[in-house]
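Here is a walk through one protein chain, starting with the overall picture and then going helix by helix. Have the viewer open while you read.

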Amino acid sequence: MSAENAADVPPAPEAEAGADAEHIPVESAAEPRTDDGLIAEEHTAGEPSSGRSPQAARDAAGDDVQDTAGKGSGDEGGTARKDTAKRSPADDLQGEEHVDFGANVRERQNGLLAHRAAVSGDGLAMYVENFNADGRRSVGVRISRFTQERVLDLYEDVPGQSEIEQALKEHRVVVLWGRVGSGRRSTAAVLLARRVARYRIRLVHADGGGDPLQALCEAPGQLVEGHGYLLDAGDRPVTPEMLDRLVHVVTDRGAHLVVIGTRASTGSEPLRGQVFEHVHPDLARVLEKHLVALLAGHVDGCPRARGPEQHTCDTAAVDRYVAQMLDHPEVQPLVKVPPVEQVVDLARYLASAIHSEEPDLLAIWRDRMRHLARRMLSGDGDPEEGAPAAAHVQPFRMAYAMFHLHPLADAFTAGEVLSAEILPLYETRESPPPGHVFNRDLARLIPVEMRSADDADGATPRRAHLVDVNLLHAFLEVAWHEYDSLRSPLLNWLTALLGRSDLGLERVRVRVAEIAGILLRHDFDGVYRQLIRPWANGESAVYRQCAAVAMEAAFLDEGLKDRVAGQVRDWSNSPGLLLQDSAARTYGTQVGLSDVPAALRQLTSLGARPELAARNSVAFSTAWLYLNGEEDAVIAQLGAWLDASSDHLTRHAVRTTLTLSRFGSGPGRRGRPALAERALVDEQFLDLLAALLARALLSAETSTRAWDLIRQWLVAADDHEDLAALFETLALRIFSRALRSRALWHLHVWELRHTKSPTLRRIDLAVRTASGPHGR
């Protein structure tokens, strides 16, 4: 997915106001206060507050207010002013460029909650792509070797295998889509191994988390003749246009490509039998193949096959054990549904337990992640005897688990915060622990049973990668329920991470919020009182957004749905501005998506209040609902807000429109704004869009952004005749009367900048010669 911004030059990075300031220890963090000014929660002596740090407040101040493209803010770094008494309306709406709504959507899309939904097949797998008409930045491609050759030897064919192989032979490109855990990666590798030598199989990555499909099309020189390439597109659907480009590039280079993903392709054109739904193989056969292979050489090395016990282990005994396990009544349910990797892990476990005397092997297997987490947190298996495990190793293990699939830098920094800043506040230490563990080899810090065998891109690990995502949940469960003294440090660690300028990234914030939400499932009352409510009532918008995502994570627990929904309603009805803002943010999550009419009613009620007039939360949540498939409901609501007697609702309607204008239609359709695509097929929406954009252009709060948006849309239309015709119609409806002279001036300036744009010349002429209701 493209993370490009809508501006024609890359926006300034989110301000890190604390980067140049002296570091503020966590124990000095300001405590969030309740509506009556009292400290939100009581703390025992020596405990750090769960409130925000001053750094976090300065970092996130810009989120609360809308943007005038940085014009006239008067503040270095774009942060919001504290002197609200002297603010103009435009000042109240500054700083939005420091809040990346698209980044928040993207990180939530790729987060823990989305992953679990993809595995289970539940929930909505959303797709968004930032629209950027100019200033496009290329995404680099990185190629690495495929190293898991063992899967090629033990692979079990999937339904439709022969048709897929024939399609790859004919077209050189096929797409496999299906659930995470259905074995798509193994199937892709086998497909390629049957077309090229297995040592020529490569993995394609996009640097910086960009769109690998687009990246590969822009860097075809990375493909080598006679090689096979595996590309994981995630939840990006491969459109017919993108598929045509991939076929052209791959065929031209004499290579083969298999794309795997979780979503079916979209588009009106047929995909020529190159896109297949991937169904998992027969999992009982997968278990049998792996178990037989793992035990193939067992007799030769087993002590029971020699000496006085030589008759207790032989080939016949191994065969009986395999048959017994395959027919075991508790094994049968485990081979009914994916993930395939879990079945392979089960085979490894059963092979290792062939002579076990445990009365209930499967009970141990089902609880294996909890047993492993308990052992890792207890200090068993530390890197070396006498190492300062409690001070350094265990905190790093906890951070590694919490930041599963994140860059290792996130895990290192988070572990350092827990070890060096949080735990010393709760422990009695005579002196700092010697031999700081973070300078040692990662392989010695994280035992092999914690790490995935696929945790490296090449020779060096680039990210934390657990053997199983459920180990993250097991770490939290064990830490919360079996280490009573760890509860307060854990909660304050999460708050401290949000206040770190060196971790001020949206991916870190979203992960911290998800962890808080998982803890809510274990102890809703305690975690809500000590962590979530202080966040929801905190001055920092970062904390309020994290409170919303945490409540979303709790809401996905069936037993907490009503409680979370009720709590969010209480926030909405609170007299406190900050809790109202948190409620508005939470309606832009699965909480709102579960009952869209009710969410829009609540957002309307919140948006009509003057307290939220200068905040983006209502617009962001409304836009999120639109991006998650509720286009009709949101469009109807925008129309109602535009006609409402409340000026505040009109402002939220305009902001929602500008927020959505930053998103494109999807992969393979670059330069096509999502709102414009809707207007092409919906004449009534075209009228509404014209009215909303006219309001945006006339408002001092939003005019700078709106004019630049119009420029980008018009320039992008040079490559799309249907959009050029649409924008001509749209321009004639917008650039009339009060806006005509301003429009002609802007068009003249834009033509000087984009001298080869036929769309600008066409619309300039149309506006100059127009007459009638939409003209002079």
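What follows covers the whole chain, its cores, a few helices and some single residues.

## The chain at a glance

Keep in mind that this is a predicted model. The protein chain has 36 helices and six strands. Of its 776 residues, 55% are buried. The chain exposes about 32200 Å², and carbon and sulfur atoms account for 50% of that.

Contacts reach well along the sequence: if you take those between residues at least 6 apart, 76% join residues at least 24 apart. As for cross-links, the structure has zero disulfides. Two of the cysteines are worth a look anyway. Cys217 is buried at a relative accessible area of 10%, and Cys546 is buried as well, at 4%.

## Two nonpolar cores

Start with the largest nonpolar core, which has 142 residues. Which of them touch the most other members? They are Met402, Phe475, Trp493, Ile532, Trp535 and Phe727. Helix α32, running over residues 683–698, gives the most to this core, with ten residues. There is also a second, separate core, made of 26 residues, and it includes Leu291, Val322, Leu334 and Val344.

Back in the largest core, Phe727 makes a good place to zoom in. Setting aside neighbours within four places in sequence, Phe727 is in contact with Pro673, Ala676, Trp713, Leu714, Ala717 and Ile763.

## Phe475 and helix α19

Phe475 is another of the residues with the most partners in the largest core, and it sits in helix α19, residues 470–482. Is Phe475 buried or exposed? With 0% relative accessibility, it counts as buried, because the cut-off is under 20%. Leaving out residues up to four places away in sequence, Phe475 touches Ala373, Met376, Leu377, Arg397, Met398, Ala401, Met402 and Met450. One of these, Met376, is 99 residues away along the chain, yet the two C-alpha atoms are separated by 8.7 Å.

The rest of α19 has plenty of buried company for Phe475: Leu471, Leu472, His473, Ala474, Leu476, Val478, Ala479 and Trp480 are also on the buried list. The length of α19 checks out too. Its 13 residues should span 18 Å at 1.5 Å a residue, and the end C-alpha atoms are 17 Å apart, which agrees.

## Helix α6, a one-sided case

Helix α6 covers residues 161–171, and its buried residues are Gln161, Ile164, Ala167 and Leu168. Looking down the axis of α6, these fall within an arc of 125°, so they line one face of the helix. The general geometry helps here: an α-helix has 3.6 residues a turn, so residues three or four places apart point the same way. Turned away from the buried side of α6 is a face with the exposed residues Ser162 and Glu170.

What lies over the buried residues of α6? The cover includes the strands β2 (173–177), β5 (256–261) and β6 (275–277), along with helix α7 (184–193).

## Helix α12

Next up is α12, a helix of twelve residues (315–326). From first C-alpha to last, α12 reaches 17 Å, close to the 16 Å expected at 1.5 Å a residue. Its buried residues are Ala317, Val318, Tyr321, Val322, Met325 and Leu326. Val322 is the one to flag, since it turned up above in the second core. Among the elements covering the buried residues of α12 are α10 (283–294), α11 (298–301), α13 (340–352) and α14 (361–366).

## Positive phi, and an arginine tucked away

Two loop residues other than glycine have a positive phi. Arg172, in the loop between α6 and β2, has phi near 70°. Arg172 is partly exposed, with a relative accessible area of 26%. Leu405 also has phi near 70°. Leu405 belongs to the loop between α16 (389–402) and α17 (408–422), and it is partly exposed at 38%.

Finally, there is Arg108, which lies in helix α3, residues 101–109. Although it is an arginine, Arg108 counts as buried, at 8% relative accessibility. Where does the chain come back to meet it? The C-alpha atom of Arg108 is 9.1 Å from that of Glu514, a residue 406 places away along the chain.

Technical notes:
Residues numbered from 1 in each chain as written. Predicted model: local features only at pLDDT ≥ 70, side-chain atom pairs only at ≥ 80, totals over all residues. Heavy atoms only, no water. Disulfide = S-S within 2.5 Å. Buried < 20%, exposed > 50% of the residue type's maximum accessible area, 1.4 Å probe, protein only. Helix = DSSP H or I, 4+ residues; strand = E, 2+ residues; numbered from the N terminus. Contact = heavy atoms within 4.5 Å. Areas by Shrake-Rupley, 256 points an atom, 1.4 Å probe, with all protein chains shown as cover. Arc of directions from axis to C-beta. Expected span 1.5 Å × (residues − 1). Core = buried A, V, L, I, M, F, W, Y, C linked by side-chain atoms within 4.5 Å.
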